Amino acid sequence: MELYIELFVFLAIIFIIVLSNRFIPWLVKAAIVVYYSVISYIFINTKNKIDERYENITPVPDAYWDKNSAWVDTMTGYYSWSFLIILLYIYFKWFTSVKSKEAKGWVLISFIPALAVFLLSIFIFNFSYGYRPKGLDIA
């Protein structure tokens, strides 16, 4: 399970954001938790199957890296697009709920670091699970 620490941190961040948000109804919060739990279960099981299939084969064949990278790219889409929609919804509701122009400006400014953390989490997820080392030959 050490392999999936980054995934669990990513899920914890999502769950904290979703569960502590006042703009999302409880039924939707439950659906989001179920969605991320199911795709995480599928991701972990499939990744483990890919890893087991190519275990103890050295050097690691290109087929492993192709399958693993393709699987991680697919799952990145499932994680990131849904999370981006959730963040945009939260920020839209937050922006429309504040009344003063100054508060609206602060909401917009706060979106910049939130977007940076979102992009960093996608990079870390892809790098942790889908990184494919390249050979030293220069083509």
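Student: Which helix holds Ile124, and what makes that stretch a helix?

Tutor: Ile124 sits in helix H4, residues 101–130. Helices here are DSSP runs of H or I with at least four residues (strands are runs of E with at least two), numbered from the N terminus. Before we go on: this is a predicted model, where local features need pLDDT of at least 70, side-chain atom pairs count only at pLDDT 80 or more, and totals for chains, interfaces and linings use all residues. Residues are numbered from 1 along each chain as its sequence is written, and side-chain values use heavy atoms, with hydrogens and water left out.

Student: Is Ile124 buried, exposed or partly exposed, and how do you know?

Tutor: Buried means under 20% relative accessible area, exposed means over 50%, and partly exposed is in between (1.4 Å probe, protein chains only). Ile124 comes out at 38%, so it counts as partly exposed.

Student: What makes Ile124 part of a surface patch?

Tutor: Patch residues have over 30% relative accessible area and no salt bridge; nonpolar side chains (Val, Leu, Ile, Met, Phe, Trp, Tyr) are joined within 5 Å, like charges within 9 Å. Ile124, at 38%, clears the accessibility bar. Its partners in the nonpolar patch are Leu120, Phe123, Phe127 and Tyr131, and together the five offer about 520 Å² of accessible area (Shrake-Rupley method, 1.4 Å probe, only the protein chains shown counting as cover for residues).

Student: On to salt bridges. How many are there, and what earns a pair that name?

Tutor: The count is one. The rule asks for a side-chain nitrogen of Lys or Arg within 4 Å of a carboxyl oxygen of Asp or Glu. Lys47 and Asp51 meet at 3.4 Å, N to O, so the pair qualifies.

Student: Why are Lys47 and Asp51 said to be about one helical turn apart?

Tutor: Because they are four residues apart in helix H2. As for cover, Lys47 is buried at 4%, while Asp51, at 22%, is partly exposed.

Student: What makes H1 and H3 roughly parallel?

Tutor: Axes are lines fitted to C-alpha atoms, for helices over the stretch in contact, with angles from 0 to 180 degrees between N-to-C directions. H1 (residues 5–19) and H3 (residues 62–97) pack at about 25°, their axes 11 Å apart. Under 35 degrees is roughly parallel, over 145 roughly antiparallel, 65 to 115 roughly perpendicular and the rest oblique, so H1 is roughly parallel to H3.

Student: And which label do H1 and H4 get, and why?

Tutor: Their axes come within 10 Å and cross at roughly 160°. That is over 145, so H1 and H4 are roughly antiparallel.

Student: What is the handedness of the H1 and H4 crossing?

Tutor: Left-handed, which means the near helix is turned anticlockwise from the far one by less than a right angle; clockwise would be right-handed. H1 passes H3 in a left-handed crossing too.

Student: What makes Asn56 worth a look in the loop between H2 and H3?

Tutor: Asn56 has a positive phi of about 65° although it is not a glycine. At 75% relative accessibility, it also counts as exposed. In that loop you'll find Pro59 as well, and the peptide bond from Thr58 to Pro59 is cis, with omega near -10°.

Student: Is Asn21, in the loop between H1 and H2, buried or exposed, and how do you know?

Tutor: Its relative accessible area is 11%, so Asn21 is buried. Its C-alpha is 9.9 Å from that of Trp94, 73 residues away along the chain.
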